[in-house]
Amino acid sequence: MLTVGKGFRALILLGLAAFVLFLPGRASIPPFDRDEPRYMQASAQMLQTHDFIDVRFQDKPRYLQPAGIYWLESASVAVASALTGTQQARAVWPYRVPSLLAMTASVVLTALIGGMLFSPQAGLGAGVLLAVSVLVTAESRMATIDSCLLLTVLLAQFALVRAVGDRQAGRSTPVGTALLYWAAIGCGLMLKGPVILIPALGTPLAMALVERNTTLWRRLRPGWGWLVSLALLLPWCIAIGVVSHGDFFRRAVGVNFLGKVASGQQAHGLPPGYHVLVFVLAFWPGSYFVASVLPQAWRERTNVAVRYLLCWIVPHWLVFEAIATKLPHYVLPTYPAIAILTAGLLAQGGAVWQGGPRALWGRVLMGIYGVVWCFVGCALAAAGPLLLWKLEHRVSLPAMVLSTGVLPLVGLSMLQIWRGTLRFAALSSVAAAVLLYIGLFTVVVPELHSIWLAPRLAALVQAEKPCPQTQVFSVSFSEPSLVFLLGGNVTLDGPAQAARAMRAQPACTVALVDTRDSAAFLAALGPDSRRVTHRDVVRGLNYSNGHVLDISLYRLEPGTPEAP
């Protein structure tokens, strides 16, 4: 285990480095459609209504998971408002603070667990590999559940590793360890329902099956421990059951959770193997090094640390490869274990890695995977300047400089991989990833104005609205980011409904209409279309569906209403 002193200072420095790495872009990047602004808006409505039981998005119930994440985001906004002295309910950054803190803590816990299973150096290496992976850097910047859920998974795994260490040393496991384990499960249940049970229960049960020994499971006091989890979950469950008349459980469990198992929801149904294919990008730059240690992991599968990590990874991975709905973040709870396994085995080798595949076909596959890994790195490096040129029609010198700095580091990593010096290759690729993220989140993504339609539409409404309480209809852009940025005061509906509302209240109603919907909108206005005017044109790409939009703000000029 890491000891107090130098190891503790190293963990603090790692946490600070991860915090700084995850920080850029948090305030400058608008809400990412479509999930993030739904969480933001539901949390904002909690604060506005002071109803912390019933989760709602506008006037509709949002019964997908328990209220834990909405509580965290609401608390973050309330604290931010108190500290700044101004209302922050419609600022983006406070909603992202829980993810920032949770992911930073997850990196530190990964290093701590890695130090307990292997060595302090291996633990720090695991924390670094996790922090610089593509999926982690993205999730840490979004106001969604997954970063916070990952922290609860790691707290449960930390308690499990403590129990494993106690068993190895022949000492009893303190009650506090069992309390931490079951409390982490309870918090995970409050965040995303039964998903936490897959890694938290799957790991010790898989260990019991592989070892044919239940002593680890008994050390967790399952006879009464589940009551701790239940005590954290049950009060809200009773409250929401009463408020929703049981509708929450029908939707959250029957439709959302079990529906994802049976069929691909929201066009995310994909066959098994998806997560393996996506891994080369999602865990880049660590993905190649993971593949390189797999033969060694198999050869050392009887080692307690390796066996434990495999029992953490394999059950969770298999479950999410088997279910119909697939998104990259579903296997995120396995990433710390993968990082620990990789760093731990690499730390055992000498200057030249000797733990790779021994058969010719295995070395050929590793070579092919290395080429794919290199291609992904080069594509990521070139993505920033290319996106700015393609979408914004401009050449960004800072983006090109940063991209030019990344490519040689990827090339150096490939050279070191060829020579078998994988630890040096990992360091080079980590440096490339850090430079890449600095460029993407400070120079590139905030400047992609053509894809950030919602902020520009919200600004147009604020500039042109005729009344303080203007009724806004968005006919052609129905993304939740616009709902959040307009404070929830927007109706997402079709041209006929917008025209009907505008005719009923012409003085204080506006509509956001794309050129493709303008004919239907004007036809629905009938004779009143003679008095309609439109302001400006907001042009851009709706990246959620790939549609290029030219949206204008329509309103009726004062005059005598035409007879319907």
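**Confidence, strands and cysteines in a predicted model**

The structure is a predicted model, in which the mean pLDDT of the chain is 93 and 95% of the residues reach 70 or more.

Visitor: Which element of the chain has the lowest mean pLDDT?
Guide: Among the elements, helix H4, residues 93-117, stands at the upper end with a mean pLDDT of 98. At the other end the mean pLDDT is 73, and the element with this value, spanning residues 247-262, is helix H12.

Visitor: Over which residues does pLDDT stay under 50, and how many contacts beyond four places in sequence does the model have for them?
Guide: The stretch in which pLDDT stays under 50 covers residues 1-5. For these residues, the number of contacts that the model has beyond four places in sequence is 10.

Visitor: Which strands pair with E3, and in what sense?
Guide: Strand E3, residues 471-474, pairs over four bridges with strand E5, residues 509-514, and Gln471 has Thr509 as its bridge partner there. E3 also pairs over two bridges with strand E4, residues 491-492, where Phe473 stands opposite Thr491. The partners are thus E5 and E4, and the sense of both pairings is parallel.

Visitor: What is the handedness of the crossover from E3 to E4?
Guide: Between these two strands the chain passes through helix H21, residues 480-485, which makes a β-α-β crossover. The handedness of this crossover is right-handed.

Visitor: Which cysteines form the disulfide that a search of the whole structure finds?
Guide: The search finds one disulfide, and its sulfur atoms lie 1.9 Å apart, with -75° about the S-S bond, a left-handed link. One partner is in the loop between helix H20 and E3, the other in the loop between helix H22 and E5, so that distant parts of the chain, 41 residues apart, are linked. The two cysteines are Cys467 and Cys508.

Visitor: Why does Cys467 count as buried while Cys508 counts as partly exposed?
Guide: Buried requires a relative accessible area under 20%, and partly exposed lies between that and 50%. Cys508 has 25% relative accessibility and therefore counts as partly exposed. Cys467 falls under the cut-off and so counts as buried, its relative accessibility being 15%.

Visitor: How far from Cys187 is the nearest cysteine sulfur?
Guide: Cys187 is in no disulfide, and at 40% relative accessibility this residue counts as partly exposed. The nearest cysteine sulfur belongs to Cys148, and the distance to it is 11 Å.

Visitor: Is Cys311 buried or exposed?
Guide: The relative accessible area of Cys311 is 6%. Because this value is under the 20% cut-off, Cys311 is buried.

How values were computed
Residues numbered from 1 in each chain as written. Predicted model: local features only at pLDDT ≥ 70, side-chain atom pairs only at ≥ 80, totals over all residues. Heavy atoms only, no water. Pairing = 2+ DSSP bridges. Right-handed = clockwise from strand over helix to strand, strands pointing away. pLDDT = per-residue confidence, 0-100. Contact = heavy atoms within 4.5 Å. Disulfide = S-S within 2.5 Å. Buried < 20%, exposed > 50% of the residue type's maximum accessible area, 1.4 Å probe, protein only.
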